[in-house]
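Thanks for coming, everyone. I have one structure to show you today. Please take a look at the screen.

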Amino acid sequence: MVEFDHAFRQRLRELFVWRRDVRRFRTDPLPVDAIDRLIETACLSPSVGLSQPWRFVIADDAVRRQAVIDDFKSCNADALNTYAGERAARYATLKLSGLEQAPGHIAVFADKASDIGHGLGRATMPETTEYSVVAAITAMWLAARAEGIGLGWVSILNPTRIHAILDVPDTWKFIAYLCVGYPEAECDRPELEQAKWEHRRGADEFTLRR
C-alpha cells in the first residue's frame, strides 16, 4: 500500500488553498505538451461505472475562439440585466473570463450516449455522468495549479451555441469551457471574495449530522 506522510498531506492542502478560478492571464504560451498532460491527468479521475464520459475539445482555431468570446459577451450582458442597483454596478466591475488572454481553451462535455461502463450505477441517478466529468475537471484544476498553470471555468455561455461553434455530437452535454494559462498573480483568496461579491464560509455551515 502506498502511504502519504504528514508533510505530503500538508502540501496537498496548500495546493487546495492556492487553487484559484483564474480570470487574469499572462499571454505567455504554454509548453507544447501542457494541455495534453493535464487531460491525461484528468482521465485518471473516478467515474460512475468506469464510464469515463469526459470529452475534451481543444479549441485552437481563432475563428471558433472569437465566436466563443462573442457568445460570452452576449450572455454576460444578459446576466448583467438580471441584477439591479448596487449589485448590478458591482457585477459590471467583475472580470468573469480570461478568454481573450489565455493561451489555452478547452471545452469539456459529457457523452451521455456512450456505452462505456454498460450503464452501471446510472439507472437511478443518470446525472452521475455529468458529476464524473466535473470530478475530472477538478483533478485537472489541481494538476494545473501544481505546475503553476492557472485554470478558469467560464460558465456564462449558451450551451446550444457552443455546440454549434465547436461542431460536436448532439449527445454530448456541455459542462465547462476552460481558460488555461499562466496567471498574472497568485492569491490564497478567491477573486470574488476580494471583490466583495461573496465570502467563503466555514464547513460547519454546510454540514449536518443525523
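I will go through the sheet, then two helices, then the pocket and the cavity. One thing up front: this is a predicted model.

The sheet comes first. It is open and has four strands, in the order E1-E2-E4-E3. Pairing is antiparallel. Which strands stand at the edges? They are E1, residues 54-58, and E3, residues 150-154. Each has a single partner strand, so one side of each has no neighbour in the sheet. From one strand to the next, the twist averages 30°.

Now look at E2 and E4. E2 covers residues 104-111, and E4 covers residues 172-181. How many bridges join them? Eight, with the two strands running antiparallel. Take Ile106 as an example: its bridge partner in E4 is Leu178. As a general reminder, strands of a sheet pair through backbone hydrogen bonds.

On to the helices. H6, residues 159-166, lies across E1, E2 and E4. Against E4, H6 runs at about 75°.

H5 takes up residues 128-146, which is 19 residues. What span should we expect for H5? At 1.5 Å a residue, the answer is 27 Å. The end C-alpha atoms of H5 are 27 Å apart, so the model agrees with that expectation. After H5 comes Gly148, with a positive phi near 80°.

Next, the largest pocket. Its volume is about 550 Å³. The lining holds 23 residues. Which of them lie nearest the centre of the pocket? Asp21, Arg23, Pro190, Glu191 and Leu192. H7, residues 191-194, and strand E3 each give at least two residues to this lining. The largest share, three residues, comes from H7. By class, the pocket lining splits into 12 nonpolar, two polar and nine charged residues.

Last, the cavity. A search of the whole structure turns up one cavity of 30 Å³ or more. The largest cavity has a volume of about 100 Å³. It is lined by 14 residues, and those closest to its centre are Trp18, Val22, Arg145, Gly150 and Pro183. Here H5 and E3 each supply at least two lining residues. The class count for the cavity lining is eight nonpolar, two polar and four charged.

Let me tie one thread together. Strand E3 is an edge strand of the sheet. E3 also supplies at least two residues to the lining of the largest pocket, and at least two to that of the largest cavity.

That is my tour.

Key: Residues are numbered from 1 along each chain as its sequence is written. This is a predicted model: local features need pLDDT of at least 70, side-chain atom pairs count only at pLDDT 80 or more; totals for chains, interfaces and linings use all residues. Side-chain values use heavy atoms; hydrogens and water are left out. Two strands pair if DSSP finds at least two bridges between them. Axes are lines fitted to C-alpha atoms, for helices over the stretch in contact, and angles run from 0 to 180 degrees between N-to-C directions. Contact means heavy atoms within 4.5 Å. The expected span of a helix is 1.5 Å times one less than its number of residues. On a 1 Å grid over the protein atoms alone, a cavity is a set of points where a 1.4 Å probe fits but cannot get out, and a pocket is an open set with protein on both sides within 12 Å along at least five of seven lines; lining residues have an atom within 4 Å of a point. Grid points are joined across faces, edges and corners, and a volume is the space filled by probe spheres set on the points. Ala, Val, Leu, Ile, Met, Phe, Trp, Tyr, Cys and Pro count as nonpolar, Asp, Glu, Lys and Arg as charged, and the others, Gly among them, as polar.
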